[in-house]
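User: I have a model open and want the labels justified. Please set each value against its rule.

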Amino acid sequence: KNRVEEYIRERVGKHRMSSNPIEYMQSYGRSIRTEERRTRSGKYVTIHTDITQRKKAEHEISEKTVLLQNILDATPAFISLRDTKGRFVFVNDLLGTEMNMPPDKIVGNSPTDLYGAVSGDTVEALVNEVIKSKQPVFGREIKSARRVGRYFNYSAVPMFGDGGEISNVLAVGQDITQKNQMERELVQKTALFQMILDAMPALISYRNTVGQFAFVNKNMASHIGVQPSDAIGKTRADLHGEVPGNTVQNLAMKVLKTKQPILEQELQLARRPGQTYRYSVVPIFEDNEDVSGVLSIGQDITELKSKELEIAKNSILLQTILDTTPISLSLRDMEGRFIFMNKQLGKEIRGLPEDYIGKTASEVRGEVRGESVENLVKEVLKTKRPIIDREYNLAMRPGRTHRYSAIPVFESNGEMSGVLAIGQDVSEQKKSEGEVRQSEARLRAIIDNAPVAISLKGLDDNLQLANKAFLKRFEVTSQKLAN
């Protein structure tokens, strides 16, 4: 009320028509618009209009405009609104940053105004296309003529006025340079991955959750008799019909159900009678821990199984030969642990071979003082040189004499991998040799002390033996006889 009276006093004092209406808010929240108009009689009429609802609507529009501006500025996309002459009506902050100038310097200008004309792929050309065709364009990839090496994905949508004519074009784009680069790298890596899997001597496939092939390598495609592309999106049954018995498809469905891998399982496949395969089937999980499919890797091991059987037979034969030989045999690794021991050695050390495999002798029976095969093995491990026919009176077998050889074992690359120990109990042989030596000594004594002359000549007419009587009879000295 005070403001109205003040205004009236001001107008009477100036006694002139106000150039503009006055808007103000009253103390109880209402908005009023006041203006003066002169009547025909020369008097002045003051008009008061309640504009509370209009001001409220304007305030809401202003808030929504600010909110919309903030949303557009925060959107990770290049957003602009252009008029029918290609001039910017609005640009968001991200586009202003990309154009390296504030939005208010861009508005009212076209890209040509700002940068000059340029031929080639540009957003400006896309906008002109939409203005001309009056049709929207979505997801157009643009290799920027103004920004060499940069790629953008743009959509441009026409906006129409009340009369049906285009008033503006909304352009929304994103920089996809890095995305394109990543896609190219992905394509290259996928091609490399495909080459690697195709070169692998294995049957490799990936099936989705309903058992359809999503990937097969060349070996797998050849195995099932189709081109890789012909298998995609189909199950094994789709390609060749259902078949009872063992199939990889059954394994795959089991893994899909249990979500547990099946590793190194040998199969006699129903479709491949007489052949043996070894398969591993592994579930592949999404980030949410749901199974997205199964990876299958298999190999035809028919020939391998045949060789394994042959090797097993030969191994049994070799083991039998080694166990029946009267020689003690053992193979130790670089730590002195038993890899192999025959029964003869087990008999000599009063133990079972299986109790020693993977262990050293001291781990089984404790440390042994004195001479032992372990010391011989340690010496060869240290020097990497063989020891041949060394005789021992082993502490573990008092009163017995053994002759041992220890030979280093080398791999094809020249690295030493262990020691082969070969031993024999020569106690009886040594005893016989001693008896022979004693017999020879007694016979020599008899010959030397015989009263008759005794000599032995070789085929070369040289004396090989002569007793004392011979030497005395013919006056031959021992030195002369030796010569």
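Analyst: The questions below go through aromatic rings, burial, pockets and strands in turn. Keep in mind that this is a predicted model.

User: What makes the pair of F470 and F474 tilted?

Analyst: Two values decide it. The ring centres are 4.7 Å apart, and the limit for a pair is 6.5 Å. The planes stand at 50°. Stacked needs under 30 degrees and edge-to-face over 60. The angle of 50° fits neither class, so the pair of F470 and F474 is tilted.

User: How many aromatic pairs does this rule give?

Analyst: The count is three aromatic pairs.

User: Why is F470 called buried?

Analyst: Its relative accessible area is 12%. Buried means under 20%, so F470 qualifies.

User: Is F474 buried, partly exposed or exposed, and what value decides it?

Analyst: F474 has a relative accessible area of 45%. Exposed requires over 50% and buried under 20%. The value of 45% lies in between, so F474 is partly exposed.

User: Why is I106 called buried?

Analyst: The relative accessible area of I106 is 0%. The cut-off is under 20%, so I106 is buried. I106 lies in helix α4, residues 103-106. From I106 to L95 the C-alpha distance is 9.9 Å, with a sequence separation of 11 residues.

User: What makes up the lining of the second largest pocket, by class?

Analyst: It has nine nonpolar residues, no polar and no charged ones. The residues are F193, L197, M200, I204, Y206, F215, I284, L295 and I297. Phe, Leu, Met, Ile and Tyr count as nonpolar, so each of these residues falls in that class. The elements α7 (177-199), β9 (203-208) and β13 (291-300) each supply at least two lining residues. The volume of this pocket is about 150 Å³.

User: What is the volume of the largest pocket, and which residues are closest to its centre?

Analyst: The largest pocket has about 230 Å³. Of its 16 lining residues, S362, E367, E374, N375 and K378 are closest to the centre. Two elements give two or more residues to the lining: α15 (361-365) and α16 (373-383). Helix α16 gives the most, with five residues. By class, the lining has four nonpolar, six polar and six charged residues.

User: How do you know that β16 and β17 pair?

Analyst: Count the bridges. β16 and β17 (residues 402-410) share four bridges in the antiparallel sense. At least two are needed, so the strands pair. One bridge joins E391 to R403 in β17.

User: What is the strand order of that open sheet, and why are β15 and β16 at its edges?

Analyst: The five strands run in the order β15-β14-β18-β17-β16, with antiparallel pairing. β15 (338-341) and β16 (387-392) each have a single partner strand, so one side of each lacks a neighbour in the sheet. Neighbouring strands are turned by 20° against each other on average, direction ignored.

User: What makes β7 a partner of both β6 and β8?

Analyst: Again, the bridges. β6 (residues 137-143) and β7 (residues 151-160) pair antiparallel over five bridges. Nine bridges join β7 to β8 (residues 166-175), also antiparallel. Both counts meet the minimum of at least two, so β7 pairs with each. I142 has F152 in β7 as its bridge partner, and S155 has V172 in β8. The hairpin of β7 and β8 has five residues between the strands, and G164 takes a positive phi near 90° there.

Key. Residues numbered from 1 in each chain as written. Predicted model: local features only at pLDDT ≥ 70, side-chain atom pairs only at ≥ 80, totals over all residues. Heavy atoms only, no water. Axes fitted to C-alpha atoms, helices over the stretch in contact; angles between N-to-C directions. 1 Å grid on protein atoms, 1.4 Å probe; cavity = no way out; pocket = protein on both sides within 12 Å on 5 of 7 lines; lining within 4 Å. Points joined across faces, edges and corners; volume = space filled by probe spheres on them. Phe/Tyr/Trp six-rings, centres within 6.5 Å; stacked < 30°, edge-to-face > 60°. Buried < 20%, exposed > 50% of the residue type's maximum accessible area, 1.4 Å probe, protein only.
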